[in-house]
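Biologist: I'm new to this one and would like a close look at a single part: the charged side chains and what they pair with. Could you walk me through it slowly?

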Amino acid sequence: MNKTDLGRWGEAQVASYLQARGYTLLASGYRCRFGEIDLIASKGDILAFVEVKLRKSGAFAQPREFVDARKQRRVRTTAEYYLAETNSPLQPRFDVAEVSAPEGTSTRQPEISYYENAF
């Protein structure tokens, strides 16, 4: 399995996680000329822009540590484009979801840590 497929699998795990908690999934893999946002979901008056990070091992660093200032700027700019495009009245929030899957897609129960207002 390649890195792209593994990433999509991780995003699907987080999408299910969010839906089980009452979120409505609005977009997956949203792309524009400024960048990509893994998941966009809403709940109540919140519009969550979610960056998903999947790792097989946390030995090097925690997945959330890979959402550096450069990545945050790119996600914010892409989110601004989405908001302008959709004219959404919802309050934007930037979240990070970590998926720990030691056996990759064979992991029976991946561990998901979800951080609201991560940046």
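Modeller: Sure, and keep in mind as we go that this is a predicted model. Let's start with E51 and K53, which are both buried. These two form a salt bridge, with their closest N and O atoms 3.5 Å apart. E51 has a second partner as well: its side chain meets that of K71 in a salt bridge, at 3.8 Å from N to O. K71 sits in helix α2 (residues 69–86) and E51 in strand β3 (residues 46–55), so this pair ties together parts that are 20 residues apart in sequence. Put the contacts together and you get a network of salt bridges linking E51, K53 and K71.

How buried or exposed are the two ends of that helix-to-strand pair? E51 has a relative accessible area of 3%, so it counts as buried. K71 comes out at 22% relative accessibility, and because buried means under 20%, K71 is classed as partly exposed.

The structure holds five salt bridges, and another one worth a visit joins E116 and R93, whose side chains meet at 3.7 Å, N to O. Here too the pair links distant parts of the chain: E116 is in the segment after β5 (111–115), R93 is in strand β4 (residues 91–100), and their positions lie 23 residues apart in the numbering. E116 is partly exposed, with 46% relative accessibility, whereas R93 is buried, with a relative accessible area of 9%. As a general point, side chains of opposite charge can pair when their charged atoms come close.

Charged side chains can also turn up over aromatic rings, so to speak, and R76 gives us a way across to that topic. Its charged end sits over the ring of F94, 5.9 Å from the ring's centre. F94 is itself buried, at 13% relative accessibility. It also forms an aromatic pair with F49, and that pair is stacked: the centres are 5.5 Å apart and there are 25 degrees between the planes. F49 belongs to strand β3 and F94 to strand β4, which puts the partners 45 residues apart, so to your eye this is another link between distant parts of the chain. F49 is buried, with a relative accessible area of 0%. The count of aromatic pairs comes to six, and ring pairs link Y30, F49, Y82, F94 and F119 into a cluster.

Last stop: R21. You'll find R21 in the loop between α1 (3–20) and β1 (24–32). What does its side chain reach? The side chain of R21 reaches the backbone oxygen of Y17, at 3.0 Å. The charged end of R21 also sits over the ring of Y17, 3.6 Å from the ring's centre. R21 is partly exposed, with a relative accessible area of 41%. If you want a sense of where R21 is placed against another part of the chain, take V96: the two are 75 residues apart in sequence and 16 Å apart in space, C-alpha to C-alpha.

To retrace the route: E51 is linked with K53 and K71 in a network of salt bridges, E116 meets R93, R76 has its charged end over the ring of F94, and R21 has its charged end over the ring of Y17.

Methods:
Residues numbered from 1 in each chain as written. Predicted model: local features only at pLDDT ≥ 70, side-chain atom pairs only at ≥ 80, totals over all residues. Heavy atoms only, no water. Helix = DSSP H or I, 4+ residues; strand = E, 2+ residues; numbered from the N terminus. Buried < 20%, exposed > 50% of the residue type's maximum accessible area, 1.4 Å probe, protein only. Polar contact = N/O pair within 3.5 Å; in protein donor to acceptor, adjacent residues only side chain to side chain. Salt bridge = Lys/Arg side-chain N within 4 Å of Asp/Glu carboxyl O. Phe/Tyr/Trp six-rings, centres within 6.5 Å; stacked < 30°, edge-to-face > 60°. Lys NZ or Arg CZ within 6 Å of the ring centre and 35° of its normal.
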